[in-house]
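Trainee: I am new to this structure. Can we go through some of the labels and ask what stands behind them?

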Amino acid sequence: RGNGGRFREAWGIAPERKVALFVGRAAFEKNIGFLLEMIALARRQQPDLMLVIAGEGPALPALRRKAAALRIDDHVRFVGYLPREGGLCDCYAAADVFTFASQTETQGLVLLEAMAIGLPVLAIPALGAAEIILPRRGAVAAADTPDAFAAQLMALFERPGELAAMAVEAVAF
């Protein structure tokens with residue numbers, strides 16, 4: 001299931017800091033810019049909130065520029081490609097919620113990976129993701145605007161008991 005503490009220590013993320021995670025190819029169609037906008041809004045309520053982005057791809061330079069323009073450099077960690085064995089499992093284990101905003105995903109395998117490790121999912125239920133993001137599966141259907149998505153994320157953080165129940169449901173699914 002991974003060692004979240006090891007990942008947080010390696011990347012300088014305090015144990016008490018709330019972490020939202022995205023894993024996948026850094027491509028424009030993954031809508032990662034939406035997640036950056038969402039974090040910029042959500043951190044107003046949760047000042048220590050961090051978004052970890054694991055993956056490489058053509059959108060990475062633009063995403064780094066967008067994070068700088070939104071002044072959230074201290075709230076985003078671009079960790080690049082992580083090997084499945086070890087690094088990636090540790091990354092999943094270090095997060096509190098898996099966030100996913102793609103509206104073009106046909107399969108959503110990273111959603112299943114997150115759920116298999118016991119990480120609750122907050123995702124826009126579009127195309128293939130819609131078949132996964134259903135009640136009692138450890139996932140919540142997210143709104144498709146950054147402010148509403150941010151509000152949903154903050155609501156999850158305010159209910160740690162619900163997050164724990166979602167983690168159990170995710171693994172069972």
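Mentor: Start with two helices. This is a predicted model. The axes of helix 2 (residues 32–42) and helix 6 come within 8 Å and cross at roughly 60°.

Trainee: Why are helix 2 and helix 6 called oblique to each other?

Mentor: Set the angle against the cut-offs. Roughly parallel needs an angle under 35 degrees, and roughly perpendicular covers 65 to 115. The crossing is at roughly 60°. Helix 2 and helix 6 are therefore oblique. The crossing is also right-handed.

Trainee: Which residues of helix 2 and helix 6 meet?

Mentor: From helix 2, Phe34, Leu35, Glu37, Met38, Ile39, Leu41 and Ala42. They meet Pro146, Asp147, Phe149, Ala150, Leu153 and Met154 in helix 6.

Trainee: What makes up this contact: how many nonpolar, polar and charged residues?

Mentor: Eleven are nonpolar, none is polar and two are charged. Asp and Glu count as charged, and the contact includes Glu37 in helix 2 and Asp147 in helix 6.

Trainee: Now the sheet. In what order do its strands come?

Mentor: The order is 3-2-1-4-5-6, in an open sheet of six strands with parallel pairing. The twist averages 25° from one strand to the next.

Trainee: What makes strand 3 (76–80) and strand 6 (139–141) edge strands?

Mentor: Each pairs on one side only.

Trainee: How do you know that strand 1 and strand 4 pair?

Mentor: Count the bridges. Pairing takes at least two. Two bridges join strand 1 to strand 4, so the pair meets the cut-off. Leucine 21 stands opposite phenylalanine 98 in strand 4.

Trainee: How many bridges join strand 1 to strand 2, and strand 4 to strand 5?

Mentor: Five join strand 1 (residues 19–23) to strand 2 (residues 50–54). One partnership sets phenylalanine 22 with isoleucine 53 in strand 2. Three bridges join strand 4 to strand 5. There, phenylalanine 98 stands opposite valine 121.

Trainee: Which way do the strand 4 residues point?

Mentor: Val97 and Thr99 point one way, Phe98 and Phe100 the other. All are buried, so each has under 20% relative accessible area.

Trainee: Why can helix 5 (residues 109–116) be called roughly antiparallel to strand 4?

Mentor: Helix 5 runs at about 175° to strand 4. Angles over 145 count as roughly antiparallel, so the label fits. Helix 6 (residues 146–157) makes about 170° with strand 4, so the label fits there too. Helix 6 packs on the sheet, touching strand 1, strand 4, strand 5 and strand 6.

Terms used:
Residues numbered from 1 in each chain as written. Predicted model: local features only at pLDDT ≥ 70, side-chain atom pairs only at ≥ 80, totals over all residues. Heavy atoms only, no water. Axes fitted to C-alpha atoms, helices over the stretch in contact; angles between N-to-C directions. Contact = heavy atoms within 4.5 Å. Left-handed = near helix turned anticlockwise from the far one by under 90°. Buried < 20%, exposed > 50% of the residue type's maximum accessible area, 1.4 Å probe, protein only.
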